Amino acid sequence: MILSLKNVSKTYSNGVKALDDVTIDIKAGMFGLLGPNGAGKSSLMRTIATLQAPDTGEIHFNDLDILNNKIEFRKQLGYLPQEFGVYPKMSASDLLHYFASLKGITNKSERNLIVDKALEVTNLSDVRAKHVAGYSGGMKQRFGIAQLLLNNPKLIIVDEPTAGLDPAERHRFLNVLREIGTNHIVIFSTHIVDDVKELCTDMAILNGGTLLAQSTPKELVHTLKGKIWKISTNREAMERLQLEHNVISSSFNDANDLDVRVYSDVSPGAGFQSVEATLEDVYFTTLNQNNHAEIL
Ligand SMILES: Nc1ncnc2c1ncn2[C@@H]1O[C@H](COP(=O)(O)OP(=O)(O)OP(=O)(O)O)[C@@H](O)[C@H]1O
């Protein structure tokens, strides 16, 4: 199973270039699309879901040209948009039975099996009799996944599902994705580095509509081996540090000083300590280099 995008570009009528020559192959497993707000993640998701056409480019799912075979492709697709429906006061179980009937699963015992499985995978069996309208945000997100699992899609696209979830719900939701990622292609977008770190076999970083990096999280972290340095400093010295070095990020430590992470091929000087690179370092250096290139 493979989803291939070739030279996909999209400019909206207001002149914003949301996708700029995106070329990528996405294989089975869990694929994380990481990028800041406005990077073009939703535009890419909607384009793959055939809800908007690109200006140029091709997209194939296995041998199927999806832009010219939308109906056939959509039968194999499960898509959870960033914002989705308002639910009636119906129990999760009744609502899933209703959706399954709409999808053509008319045999009652077959439908029972499918609905039970969808509730089980999304960890909603215990609350199946509750109204979905009264679910928490995280439960609604999981219900959205249950709904799209009904017709056993081969490709699942989930747009920023963890935005706004509290840590416990986020954790529960990522576990559900992890479970379905074992036998589907799952593409999900996020601006949270830890989502990708915890979950993804493959990933890409998108900014300004351009794919800046694509690989496994492990390989991307490996590219920074020996290039990340840390120093503790106070707030006054921070400004100078930023002028003189390639500062990636900073955070307060227990002594209320700043732990500053710097990118450099060689030791930046006295007081700096070499540290293990993280996926967060990858994300920020990639975005910084891109912003820097744009300024030049
Ligand atoms: N329908 C539209 N018409 C015009 N501009 C749009 C439209 N949809 C998105 N944009 C613009 O395209 C760019 C990419 O937006 P997109 O929603 O794809 O990014 P995103 O990475 O999903 O961001 P977010 O996390 O904020 O949703 C932004 O500058 C956005 O304002």
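Me: In what order do the six strands of the open sheet run?
Reply: The model is predicted. In it, six strands form an open sheet whose pairing is mixed. Their order is 6-7-8-3-9-10.

Me: Which strands stand at the edges of this sheet, and why is one side of each left without a neighbour?
Reply: A strand at the edge has a single partner strand, so one of its sides is left without a neighbour in the sheet. From one strand to the next, the twist averages 15 degrees. The edge strands are strand 6 (77-80) and strand 10 (210-215).

Me: In which sense do strand 3 and strand 9 pair, and which residue of strand 9 does Leu33 stand opposite?
Reply: Strand 3 covers residues 29-34 and strand 9 covers residues 202-207. Four bridges join them, in the parallel sense. The residue in strand 9 opposite Leu33 is Ala204.

Me: Which residues have the most contacts inside the largest nonpolar core?
Reply: This core has 73 residues. Helix 5 (residues 137-149) gives the most to this core, with six residues. In soluble globular proteins, nonpolar side chains tend to be buried together. The residues with the most contacts inside the core are Phe31, Ile157 and Val186.

Me: Which residues does Ile157 touch, leaving out those up to four places away in sequence?
Reply: Ile157 is one of the residues with the most contacts inside the largest nonpolar core. With residues up to four places away in sequence not counted, Ile157 touches Met45, Ile48, Ala49, Tyr79 and Ile187.

Me: Which residues around the ligand come nearest?
Reply: By class, the shell has four nonpolar, seven polar and two charged residues. Helix 1 (residues 41-48) supplies the largest share of the shell, three residues. Of the 13 residues around the ligand, the nearest are Tyr12, Asn37, Lys41, Ser42 and Ser43.

Me: Is Asn62 buried or exposed?
Reply: Asn62 is found in the loop between strand 4 (56-61) and strand 5 (64-65). Leaving out residues up to four places away in sequence, Asn62 touches Met1 and Ile2. A residue counts as exposed if 12 or fewer other C-beta atoms lie within 10 Å of its own. Asn62 has 12 such atoms within 10 Å, so Asn62 is exposed.

Me: What share of the contacts in the protein with a separation of 6 or more comes from residues 24 or more positions apart?
Reply: There are ten helices and 14 strands in the protein. Of its 296 residues, 36% are buried. Among contacts with a separation of 6 or more, the share from residues 24 or more positions apart is 69%.

Definitions and conventions. Residues are numbered from 1 along each chain as its sequence is written. This is a predicted model: local features need pLDDT of at least 70, side-chain atom pairs count only at pLDDT 80 or more; totals for chains, interfaces and linings use all residues. Two strands pair if DSSP finds at least two bridges between them. Helices (H or I, at least four residues) and strands (E, at least two) are DSSP runs, numbered from the N terminus. Axes are lines fitted to C-alpha atoms, for helices over the stretch in contact, and angles run from 0 to 180 degrees between N-to-C directions. A residue is buried if 20 or more other C-beta atoms lie within 10 Å of its own, exposed if 12 or fewer, and partly exposed in between; C-beta atoms are placed from the backbone. Two residues are in contact if their C-beta atoms, placed from the backbone, lie within 7 Å. A residue is near a molecule or strand if its C-beta atom, placed from the backbone, lies within 6 Å of it. Ala, Val, Leu, Ile, Met, Phe, Trp, Tyr, Cys and Pro count as nonpolar, Asp, Glu, Lys and Arg as charged, and the others, Gly among them, as polar. A nonpolar core is a set of buried Ala, Val, Leu, Ile, Met, Phe, Trp, Tyr and Cys residues joined through C-beta atoms within 7 Å.
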